[in-house]
Number of protein chains: 2
Amino acid sequence: MEGHRLDQVFGAVSDSTRRAILARLASSEARVTELAEAFPISLNSTSKHIRVLERAGLVRREVRGRDHVLSLNAGPLEEASAWIEHYRRFWDDRLAALDTFIQTKREQTHRRNPR
Amino acid sequence: MEGHRLDQVFGAVSDSTRRAILARLASSEARVTELAEAFPISLNSTSKHIRVLERAGLVRREVRGRDHVLSLNAGPLEEASAWIEHYRRFWDDRLAALDTFIQTKREQTHRRNPR
DNA sequence: CATACATTCACCCACATGGGTGAATGTTCA
DNA sequence: TGAACATTCACCCATGTGGGTGAATGTATG
């Protein structure tokens, strides 16, 4: 089955630690160690999470000497957003149709039992 | 780390087979076997995928005799959408700020080197 | 009742992942 | 150069998952 990129993006944000990392990076860029200190997991675990986010294109890395500075890149969320919105639109339409149906039913009932 | 529901929703849609199942269910409800026939995986694999989608609340099951009829429930995508939109908004703001910055820089340059 | 059909359950396998520890590598700086 | 620091690499472990097969369960129907 195709869809490699969406797999990675959705997979990356399906972990709450990684979502927290993204939230942290939204306020400002940070080093790996800084991120590790902000969460109750080891430095190495943090490093792995960052790699997952990087693979999905959601985090960019700039090596400055011995520091690796991470920053948020929300670009890849574009496609994910489009995918979700498609279903939300479908859903809204479906709810609207249901509403129309109920409305019609009610009118029919009124016609059959007037007041 | 909290965030259980988003984990399940994002995790569910991070697999392209499951996204295909959702796409199929968007056109009409279907039985487990019907879905299994539509994809190059076994009936049992399909059943497992459906369970994942059900756990995330994206698919509802109605048992009619010996048939289990699945239907799409896009409701849980609401929260997922909100999460993504938050970052997209951040991203748009950031791009706008960058644009303003470039604009300002350009004006400064013009002031320094007038025509 | 007996049979066919729909679905799940109970396993198996290979592989990814989220967590950890300790060592290796690379960079800064006194 | 040598020491301190930042990060990754190479492992280990438990668990989940995507795939499979074969048996068990439950329902419909001749």
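**Chain pairing, DNA contacts and salt bridges**

B:Ile84 touches A:Phe10, A:Leu77, A:Ala80, A:Ser81, A:Ile84 and B:Phe10, leaving aside residues up to four places away in sequence. The model is a predicted one. B:Ile84 sits in helix H5 of chain B, which spans residues 77-112. Its relative accessible area is 2%. B:Ile84 is therefore buried, since the limit for that class is under 20%. The contacts of B:Ile84 include A:Ile84, the residue with that number in chain A.

The relation between the two chains was examined next. Two copies of a chain are related by a rotation about an axis and a shift along it. Here, a turn of 180° and a shift of 0.0 Å along the axis lay chain B on chain A. The RMSD of this superposition is 0.1 Å. That is the relation of a two-fold axis. The interface agrees in its residues: 100% of the interface residues of chain B are also interface residues in chain A. The copies therefore meet through the same surface.

Contacts with the nucleic acid were examined for DNA strand C. There are 21 residues around this strand. A:Asn44, A:His49, B:Thr33, B:Asn44 and B:Arg61 come nearest. By class, the surface near DNA strand C has nine charged, nine polar and three nonpolar residues. Several elements each supply at least two residues of this surface. In chain A, the contributor is helix H4 (43-55). In chain B, the contributors are helix H3 (32-38), helix H4 (43-55) and strand E3 (67-72).

The atoms of DNA strand C within 4 Å of the protein divide between backbone and bases. Sugar or phosphate accounts for 64% of them, and bases for the rest. Phosphate oxygens of DNA strand C have polar partners in both chains. An N or O atom in the side chain of A:Arg18 lies 2.9 Å from one phosphate oxygen. For the side chain of A:Ser45, the corresponding distance from an N or O atom to a phosphate oxygen is 3.0 Å. B:Val32 takes part through its backbone: a polar backbone atom of this residue is 3.4 Å from a phosphate oxygen.

Salt bridges were then counted. Side chains of opposite charge can pair when their charged atoms come close. Over all chains, the count comes to 14 salt bridges. One of them joins the side chains of A:Arg31 and A:Glu34, with an N to O distance of 3.6 Å. A:Arg31 has a relative accessible area of 28%, so this residue is partly exposed. A:Glu34 counts as partly exposed too, at 30% relative accessibility.

Another salt bridge in chain A links A:Glu54 and A:Arg61. Their closest N and O atoms are 2.6 Å apart. Both partners are partly exposed, A:Glu54 with a relative accessible area of 28% and A:Arg61 with 32%. In chain B, B:Glu54 forms a salt bridge with B:Arg61, and the closest N and O atoms are again 2.6 Å apart. B:Glu54 is partly exposed at 27% relative accessibility. B:Arg61 is partly exposed at 31%. Salt bridges with shared partners also join A:Glu29, A:Glu62 and A:Arg64 into one network. B:Arg61 thus appears in two settings: B:Arg61 pairs with B:Glu54, and B:Arg61 is also one of the residues that come nearest to DNA strand C.

Key: Residues are numbered from 1 along each chain as its sequence is written. Chains are lettered from A and ligands numbered from 1 in the order in which they are written. This is a predicted model: local features need pLDDT of at least 70, side-chain atom pairs count only at pLDDT 80 or more; totals for chains, interfaces and linings use all residues. Side-chain values use heavy atoms; hydrogens and water are left out. Helices (H or I, at least four residues) and strands (E, at least two) are DSSP runs, numbered from the N terminus. Buried means under 20% relative accessible area, exposed over 50%, partly exposed in between (1.4 Å probe, protein chains only). Contact means heavy atoms within 4.5 Å. A residue is near a molecule or strand if one of its heavy atoms lies within 4 Å of it. A polar contact is a pair of N or O atoms within 3.5 Å; within protein, one must be able to donate a hydrogen and the other to accept it, and residues adjacent in sequence count only if both atoms are side-chain atoms. Ala, Val, Leu, Ile, Met, Phe, Trp, Tyr, Cys and Pro count as nonpolar, Asp, Glu, Lys and Arg as charged, and the others, Gly among them, as polar. A salt bridge is a side-chain nitrogen of Lys or Arg within 4 Å of a carboxyl oxygen of Asp or Glu. Copies are superposed by least squares on the C-alpha atoms of residues with pLDDT of at least 70 in both.
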